[in-house]
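Reader: Could you walk me through one internal spot in this protein, the second largest cavity? I'd like to know what lines it and where those residues come from.

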Amino acid sequence: LTRECAALLPGVCAALAEPRQPGLDDTCLEKLLDWFRSLTWFDPTVELVQDNPCLTELISSVLALPEPSPSILSFTLQLAGILASSENRFQHLQQEKLLGRLFGPAGPRGRAVWEDASVRSGWVKGVHSMVHHQPALHFLCSEGGMEVIFALQGDPSLFVASAASQLLVHMLTFSVESEPSKPLSTKDCEWPACAQMIRRHIEDSLQSRSASRIEQSLKLLTSLFGSCYAAWTEALWLDIAKQIESFLMEETVQAQHMLANLLLNVARSPVFCDSEGSFWALVTSALEHLTPVQAGPLAVGLLKLCKCPQDVRIQALTVLLQPMDCILRAASQPLEYAGLLDESVSDPVTVESLLSSKTSCAGLLCQTLAHLEKLLSLKHLRVDLPYVSLLRSLMTILQFCNGFLSPASPLGSTISRNLINCFRVQKSALDVLAALSDKKGCDTLLGSLFDVLLAYLESPNTSPTVLKKAFQATSKWLMRLQELSCSSSQCQRTEKILEDVFVVLQKRLCSPCWEVRDSSLEFLTAMIKCLRDQDEFRQCLLSSEVPRLTENLLEDPESYVRASAVTAVGHLACITYFAPESPVVGNQDNKQNTVAKLQEILSTDSEGFPRRAVISIFTKWLREGCTGQLEDTEQFVSRVIQTVEHDLDWEVRLGGLELVEAFCSQTICQRGLSECPYAPAPSAATGATHQQDLLQGFCRAKLFGFLFRSLCDCDKPVGQRACDILIGLRGNFYPVSTLENPREIGDSPAGRGIAWLQRTLRQGSLAQNFPTDGDNGVDFQDPESMMVALGAIDLLELHDELNKSSDHVEESPQSLLQDILATVGTIKDNEVDCY
């Protein structure tokens, strides 16, 4: 505790205890508690309360108030708990007779103020902070605190109930582990007193017929097994395992929905790693007896575990695949294909009835599909998924949803009616379909798969969100198609699929719905990224109307669409205008036209998204060497950064810096400086010439004015990026040894200008006030001046300043205490910080 804070603390405590004082906001009180937590965390001594008697006076004053405000009383309970977290301070507060009046029967829990949830919450949090030593545990048990905590498990406030449950987990764990004794068994005498009380409470609750008490104890156990992996938890499990098993068998018990999480947490615990068969037998029983919706999360959790026995793992997978199996079997009668499963874990009729019901069909399928998508994303899955049958089942679901399949079986007809135009199921199924694109064996279904996808892309009934998912799945499967060996028959099929895709895309780019136009452009960009090197793709693209329609969308009224059009045009240009042997006629004129259009968007578009997209595309072109010879590139970069420099969107200005960075690294490599790993090491004379050439090129492109002004940008990420680039440039022009020691500035006019620049940068003037080239003697286009500036200005110091958090002063404890005093009006002339 600093001297300054100790001087302010009595005034703050007095203000908090003042009943007529308007209440402080909860943020202030929370920050104050955080500060006390940090003070007491590493220091168990009693000095904090002895040297600052105002703390105990605050507690006494609040207790003496006939009607304290709930927020101040809650704060006081939490503060006392934090102070009592060490045994020394606990004993001191006991001598002052404060803890009994706060946490005992004479405290708030017997008064009207207890009706306020914030007071009950403060009491629980205070106790949680305090119980970190045996005396606190004994105090709580002797003062009737355990009964209060048990009661608060069922509190109407979910926050209080959850905090009470977490407190019991903490107390049980602390009680057992702070009294090391012989290995625990189920006999009461071998459990510490507090742990014994909690254990009995859990057992009694589980054996009661009260649904709420059973639920509270199951929550507590789920939390305990999820956070504590000590060996003694096995003894507790043996106490309750039979009761848990009975819940699975009794359909009257309402707690079944909570058992999946509990069993999963127990399964994750290393204590049960080599457990004898009884635990896994219980898990198997759960997979059989829980409903498919309840068993799903348990099944997917078990499949992610390394140590789960193989037979249990296969059973878990069967639970997940059962709805997909039912769909496949319902689609055709008699069965055209085998289902996914040879036998099921639970009665297939249960799944059939859920899929037959309008209310449960979509919910079960969406949950199943989400679990399957999770499994497909795992790198190492310890069971074999039947990918082909799964893909067939997904295609069936999608055909049910858009009405393209007329099933012969009565069950199939019912499911089909339930799923027609169900967007939720369509989106989930398309996600799983995309995830299957890199799995083995699915190639045999490519023809019918693309039929299903194209039906979705063409149908006017496909919603914009489903269409977006269909586009994403199509681009994934087109990549898969490209990877397959290109036999002549395969090439013809690929060409036919691509032609069909481009016909649909042309229509979708003209859609009246902006979301559809946007998704279509994103799909086009994704295709170009992965298929640009394929001849069939390029031919289909360039022979379609897609390039012309895409350019038209640069003038779309919707800014998101304009931004996506910019990105698509930028990627198209890599095929049409910048390719070594571009097939497009009038290449040069078209190229200049496109560049001019994008530059116009950058300088005139009223929305930020399209401008950000343009600067991103220009940077991509530069990195890929699409901007021509070096002299052209210098002019191009110069024009772009002069436009970007005055943009009001900081992300556009940051994009301008990324363009500069790409230009610098590319130019340095082309000039053959040592920074480029493939360049030959230059001699001293050659190195100096290279440096001179580089500097002149950078000055011609007007980089330095942009970089130095960006250092003072009002948006910190822009300044940080500019500083990083300048430090990188400096490393190319000066030996590493000089980076720590900036050069002396001479007394020439240029030197005086650089000195002024250094002072300005230290003051952090805003960019809009930063003088233009030539003012104050700084010539940003003079190579010699810029060489001096790079060597003399302490960029490392500036880097540290820019990386300092803005709250390094304002969020200090001293500032917080001053804010509280200012808020309550004790300090008249102090401005309140906006923390």
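Author: Here's a look at that cavity, after a quick word on the chain around it. Keep in mind that this is a predicted model.

The protein chain runs to 835 residues, and 53% of them are buried. On the secondary-structure side, there are 41 helices and zero strands. If you take the contacts between residues at least 6 apart in sequence, 71% of those link residues at least 24 apart. As for the outside, the chain exposes about 37700 Å², with carbon and sulfur atoms supplying 51% of that area.

Now to your spot. The structure has two cavities of 30 Å³ or more, and the second largest encloses about 40 Å³ of space. Its lining is made up of Pro292, Gly296, Val319, Leu320, Pro323, Leu364, Gln367, Thr368 and His371. The elements giving two or more residues to that lining are helix 17 (292–303), helix 18 (310–331) and helix 20 (358–377).

Which helix gives the largest share of the lining? That's helix 20, with four residues.

What about the chemistry of the wall? The lining residues split into five nonpolar and four polar, with no charged ones. So if you're scrolling through the model, pick out helix 17, helix 18 and helix 20, and look for lining residues including Pro292, Leu320 and His371.

Conventions:
Residues are numbered from 1 along each chain as its sequence is written. This is a predicted model: local features need pLDDT of at least 70, side-chain atom pairs count only at pLDDT 80 or more; totals for chains, interfaces and linings use all residues. Side-chain values use heavy atoms; hydrogens and water are left out. Buried means under 20% relative accessible area, exposed over 50%, partly exposed in between (1.4 Å probe, protein chains only). Contact means heavy atoms within 4.5 Å. Accessible areas come from the Shrake-Rupley method with a 1.4 Å probe; for residues, only the protein chains shown count as cover. On a 1 Å grid over the protein atoms alone, a cavity is a set of points where a 1.4 Å probe fits but cannot get out, and a pocket is an open set with protein on both sides within 12 Å along at least five of seven lines; lining residues have an atom within 4 Å of a point. Grid points are joined across faces, edges and corners, and a volume is the space filled by probe spheres set on the points. Ala, Val, Leu, Ile, Met, Phe, Trp, Tyr, Cys and Pro count as nonpolar, Asp, Glu, Lys and Arg as charged, and the others, Gly among them, as polar.
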